[in-house]
Amino acid sequence: MNRKKGLPGQIDQKLKEFEYTIDEDISDNLAVNELELRQAFANCSDLIVRKIHVFGSNLCMAVYLDVLVDDTMWDDGLLRPLVNQEAVDFDNSAQLIEQLRYKLASAVKPSVVENLKETIQRIVRGEVVLFVEASKQALSFCIKDQLHRQLDEPSTEAVIRGPRLGFIENLHINMALVRQRIRTPLLKMEKISVGAVSQTDMTLVYIENKAPQTVVEEVKQRLAKIDMDSILESGYIEELISDHPYTPFPVMQTTQRPDLVAASLIEGKVALLIDGSPIALVMPITFWYAFQTVEDYYMNFIFATLLRWLRFLFAFLALALPSIYVAITTFHSEMIPTSLTLSLAAAREVVPFPAMVETLIMEVTFEALREAGVRLPRPVGQTISIVGALVIGQAAVQAGIISAPIIIIVSLTGIASFLIPHPGMSQAVSILRFPMVLCAGTFGLYGVSAAMLAILIHLTNLSSFGVPYLSPLTPLGPSGLWDVLIRAPWKIIHKRQHQIRQKMELEKK
Amino acid sequence: MTLSRILYGCLTLIACLGLLTGCWDRKEMDDLALVMASGLDLADDNQIEATLQIALPTGIPSSLQSGGKATKPVLVISAKGKDGLDALGKLQQQLSRRINLGHRGIVVVGEKYARHGFDQILDTLMRSPESRYNSYMLTAYGTTAKKILNASYQMEIIPAIGINKLQYEDFSLSVKMDKFVDALASFGKSPVSGAIRIIKQSSGEQTFIIDKAAVYQRNKLVGFLSGTDLKAYRLMTGNIDGMRLTTQMEPPQNQYHGTITIHLMKAKPKIRTRIKNGKPEVSVSFKAAGRIISNDTSLDMSKVIPLVEKKFSEDIKKEIASTISHTQKKFKSDIFSFGNQIHIEHPYAWKTIKDHWIELYPKVPVQVKTEFRIERVGRTQAPAHQQKK
């Protein structure tokens, strides 16, 4: 296996040796098997090895990790039926295994394993492996303890109207949440595991015939190329399989809402659910996705269109308002109405810093306050708002360090950045705000427009799994326009989608 | 795209930004002397005296700086120089902040200077990229620009903004610099501007009034239009916003004053020209409509509308005809741009007469036709205070 350079060589070596030694078949001797496993799980206090007699006097050995196995299931579902079997004599061990599989088929999903390495993998995933004396086969039972929290409302994507269920950290339950919404065998869920050490499970979800086969293949290929020791969150995957890892803009949708995933799947997107992360990835997406919420489709379409435009407007403000303010006040004061000029000049009269420095100070302070608000423990959280609002907002103005218009601009910008539904887009806008202010402070509106142009060029160059980022606006396609600038009524969206599909099928022929 | 390509792209962009900027004019707002109005006068020694009214942001009361000693909201300074820019340069030497003309809304020219002619200043006003064409041109009536700019005004914190608003509302006559220069530069039109003067209220306070129009011939002031002349001029330019006309319909009686007042709603002046035997003739037709807003006669408005219409029509005709003859005889200045109309309608004939149009204009025969229509009479027919019989 090709390991990453960054990993210390020692661990590297150990892993290699380990993989080598255990890559062999199960022995027909219970004691040998026990020894092998005990060696593999040396210093693992949670490993349990139990010898039991089934069907009278046939000796078996159950091996499992105590912490991962559901105790009641183990007791009632497996151990009791095993021990309480009537005594039967078998000609060979294969018959015994056959009988066990048949008798215990109920709840514990038995399956046969023959390889020691696979056995170990099953054990670390929380299965119980039952070795039978004088057999080269073992039985594996899945009685995993489902460690998970209660289903909950997603706190980052709250809605007024719409389902309150959100994904949790358990892959199994997340898959169920999606399945529950799309009841068709065409909904495919392919299991993939990534991460050399962590062996993280993830499920690739798509609807056959709707999701383009090329995209599905592309996602699979990129996942196969990942060479990492561990995948602990969907953020890893987002970065690793992105078309453009160096852009601040998000090229994948991240969501905690099963209804959003279901809606995207129906649109022909591909979703990736990752074990241990409540955030699902949806791909490919375009720039406009970042300004849509799932609630847009649940409420009145006129109001949803209004909201969409409000988001576009405020996204622009979040990006450009501070820089436009800096540019106009320091370079083009004649552009402002006279009376406003006078009050702005009066506010600036006592301030020691140039407008650009002032803006940068306040923007940095705002970002710091925001970050502190996220990290602070909840009981202390109020302190931040008091300190932020009173000390920085009021006192700084009264002390004549910061002018009042800057406070207005920065707080408006702050509110504006929270209006963008996609957190990744919101972050991108926050990052780009700073170079914009610098451009504005050095080159005025000329600099602002140059920076905007640069951003636009960058955006047109982006793509998400082969889909141009700004489509259907550039390149112009009639298809999605009904759902980009406005939220058309469902009847129209639905009709349009049908027409496009028919057209595509015709083109195929 | 590789990282180095992005880097090169950024570097090129920054280099472009640096090379392409023509003017580096970063100025913080608190480093600017915001000129609100400027004035130009002819000093005794034939030098030009420039006056600036500069807003002082510290003097503007705001919620943050309540209390304390009130400072003056404006600073008015003057200096003499060979021309406007020379004087401006001398003014700059007195100021710790840079003179910024971006917000100048008013340019006042003293009467003496206006009568002397001020071509050179106009060039400065038009040429400098900092000065804006949409400043209002005003001529000081009977006084100097310096006195106008030094006067205080109660209604606004900054007097120049008061003048600006007076002009913006267009209660009398407002002419912007570009329009003024445009008229000056064309043969078939003479420039006019609003004329401002200071009056003393009974309380002793000063205030501005713009109730006259300054009439120029070429670049020299030749006189002022006021009262009905100004009204007729405004009618002829179609600028009738809020204009009222009053006529004596009946001789005054005990109970009634005999007057009717209308509010003008529409005015449509039309100038037609003819060339007869190589000589131009002008006919003016004027159509207007209004509503009656006051009736102080014994007449019932529902019955006498044609009579009232005729009376107003005659009144307007008289006023317009007399104003035109004024401009012909007294000022010899074609402020109604009859010349331009000849240019449009008879371009070939215009070529022969345009050079001596100024001499020709006073002799051009002008016919005036008017038509007046009353569109509404208001809520009552007879006068409200008429006793019921």
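**Domains and an open sheet in a two-chain model**

In this predicted model, the C-alpha centres of domain 2 and domain 3 of chain A sit 34 Å apart. The two still touch: 14 residues of domain 2 of chain A are in contact with 15 residues of domain 3 of chain A. Sorted by class, the domain 2 side of this contact in chain A holds 9 nonpolar, 3 polar and 2 charged residues. As for where these domains run, the assignment for chain A puts domain 1 at 9-142, domain 2 at 171-285 and domain 3 at 301-467.

Chain A also has an open sheet to look at. It is built from 5 strands in the order β1-β2-β4-β5-β3, with antiparallel pairing. At the edges of the sheet stand β1 (47-54) and β3 (111-113) of chain A, and each has a single partner strand, so one side of each is left without a neighbour in the sheet. The sheet isn't flat-out parallel in its strand axes either: neighbouring strands are turned by 30 degrees against each other on average, direction ignored.

Within the sheet, β4 (residues 127-132) and β5 (residues 138-142) of chain A pair in the antiparallel sense over 5 bridges. Here A:L130 stands opposite A:L139 in β5(A). There's a helix to add to the picture too: α5 (residues 116-124) of chain A lies across β2 (58-65), β3, β4 and β5 of chain A, and runs at about 140 degrees to β4(A).

Next come the record's annotations. In an unreviewed UniProt entry, the feature "transmembrane region" is placed at residues 270-289, 309-328, 402-420 and 432-457 of chain A. What do two of these stretches look like in the model? Residues 270-289 of chain A are 0% helix and 45% strand, with the end C-alpha atoms 14 Å apart. Residues 309-328 of chain A, on the other hand, are 100% helix and 0% strand, and their end C-alpha atoms are 25 Å apart.

Over in chain B, the assignment gives domain 1 (29-59 + 68-233) and domain 2 (240-389). Their C-alpha centres lie 32 Å apart, and the contact takes 17 residues from domain 1 of chain B and 20 residues from domain 2 of chain B. On the domain 1 side, the elements giving two or more residues are β9 (206-217), β10 (220-226) and α8 (227-236) of chain B. Of these, α8(B) gives the most, with 5 residues. By class, that side of domain 1 of chain B has 7 nonpolar, 6 polar and 4 charged residues.

Methods. Residues numbered from 1 in each chain as written. Chains lettered and ligands numbered in written order. Predicted model: local features only at pLDDT ≥ 70, side-chain atom pairs only at ≥ 80, totals over all residues. Pairing = 2+ DSSP bridges. Helix = DSSP H or I, 4+ residues; strand = E, 2+ residues; numbered from the N terminus. Axes fitted to C-alpha atoms, helices over the stretch in contact; angles between N-to-C directions. Contact = placed C-beta atoms within 7 Å. UniProt positions renumbered as here; feature names shortened; annotations may be inferred. Domains from an automatic or database assignment. Nonpolar A, V, L, I, M, F, W, Y, C, P; charged D, E, K, R; others polar.
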